[in-house]
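Colleague: Could you take a close look at one part of this model for me? I'd like to hear about the salt bridges and how they are placed.

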Amino acid sequence: MKSIRLVGLAAGVALMAAWTVSAQTSASDLKLDDIIKKSIEAQGGMENIKAIQSMKLTGKMIVGGGQIEAPLVTYMKRPHSHRTEIVIQGQQIIDVYDGKTKWTINPMGGSRDPQRASEEEALAAADDSDIVEGPFVNYKEKGNVLELLGKEDVEGSPAYKIKVTFKSGRSRVVYLDAHSFLPVKEVAHVKQMGQEFDAETKPSNYKKVNGVMIPFSSEMKVNQQVGMEMQFDKVEMNVPVDDSLFAFPEPAAKKPVEPPKGL
């Protein structure tokens, strides 16, 4: 499972009217950096975003149109660590990236032992690891290349279409609502375990936490088919998160077998 990221942060209600007027009068003249600046302001502003050092999100994953509901907890910590725990049918699945290594524990896949991910999956996790800030904040310093591809309707509303290319060469397209500058959709072409598919994420239900707007819901599709939904009921910021949560569990050293006494 792809680690859960905060793919966008939204505008506060008090600022919505001003942004709407601005969009109506000058949206066609906005340049890429103008759009990015408005998006960061919509997230809550650079100062509030930079103040986030860690996050804990508690909620559930919904699969099969509600046939399966699985409790989940996600931990995030600067600079690039994240961990997601999901319990399905009494089995705990763990997905982790520590900034260098991606690993999982998936008993439903046939093993309870921690497994290091493939190099390709680790590269994808590295691109997705900027989970607190997203790809727009200080994008030039991070080596991200942005390209404005124009506008496209997303569920009846115009959205700016921005292609993000990471240092790895991987890319995704992020759609920002043209009035509120909220991220409303993200599309990436994914290669995983020998398969290729288009992954689409739609964040929604934004709420303000510590001055920053967070999407409390997210729908994920694979090849246009709904794969899962994420719903969070609690988001905590700057909570203590120990680094040991992200470290790959090394196997315990086996004790030497002692020969029977008297021999």
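Modeller: Here is a walk through the salt bridges, with a short look at a helix and a hairpin afterwards. Keep in mind that this is a predicted model.

The count comes to 13 salt bridges. Let's start with arginine 78 and glutamate 133, whose closest N and O atoms sit 2.9 Å apart. Arginine 78 is in the loop between strand 2 (68–77) and strand 3 (81–88), while glutamate 133 is in the loop between helix 4 (119–127) and helix 5 (139–142), so this salt bridge ties together parts that are 55 residues apart in sequence. The two ends are not equally covered: arginine 78 is partly exposed at 22% relative accessibility, whereas glutamate 133 is buried at 6%.

Next up is arginine 170 with aspartate 127, a salt bridge of 3.4 Å from N to O. It also links distant parts of the chain, 43 residues apart: arginine 170 belongs to the loop between strand 8 (157–165) and strand 9, and aspartate 127 to helix 4. Arginine 170 counts as partly exposed because its relative accessible area is 25%, and aspartate 127 counts as buried at 11%, the cut-off for buried being under 20%.

Then there's glutamate 186 and arginine 172, which meet in a salt bridge at 2.8 Å, N to O. Glutamate 186 lies in strand 10 (residues 183–192) and arginine 172 in strand 9, so the pair ties together parts 14 residues apart in sequence. What about burial here? Glutamate 186 is buried, with a relative accessible area of 6%, and arginine 172 is buried too, at 6%.

Back to arginine 78 and glutamate 133 for a moment: salt bridges with shared partners join Lys50, Arg78, Glu133 and Lys142 into one network.

Now the helix. Helix 2 (residues 32–43) has 12 residues and should span 16 Å at 1.5 Å a residue; its end C-alpha atoms are 17 Å apart, which agrees. Its buried residues are Leu32, Ile35, Ile36, Lys38, Ser39, Ile40, Ala42 and Gln43. In an α-helix there are 3.6 residues a turn, so residues three or four places apart point the same way. Right after helix 2 comes glycine 44, with a positive phi near 135°.

Last, the hairpin. Strand 11 (residues 195–209) and strand 12 (residues 212–222) pair antiparallel over 10 bridges; lysine 202, for one, has glutamate 219 in strand 12 as its bridge partner. There are 2 residues between the strands, and asparagine 210 takes a positive phi near 55° in this hairpin.

Technical notes: Residues are numbered from 1 along each chain as its sequence is written. This is a predicted model: local features need pLDDT of at least 70, side-chain atom pairs count only at pLDDT 80 or more; totals for chains, interfaces and linings use all residues. Side-chain values use heavy atoms; hydrogens and water are left out. Two strands pair if DSSP finds at least two bridges between them. Helices (H or I, at least four residues) and strands (E, at least two) are DSSP runs, numbered from the N terminus. The expected span of a helix is 1.5 Å times one less than its number of residues. Buried means under 20% relative accessible area, exposed over 50%, partly exposed in between (1.4 Å probe, protein chains only). A salt bridge is a side-chain nitrogen of Lys or Arg within 4 Å of a carboxyl oxygen of Asp or Glu.
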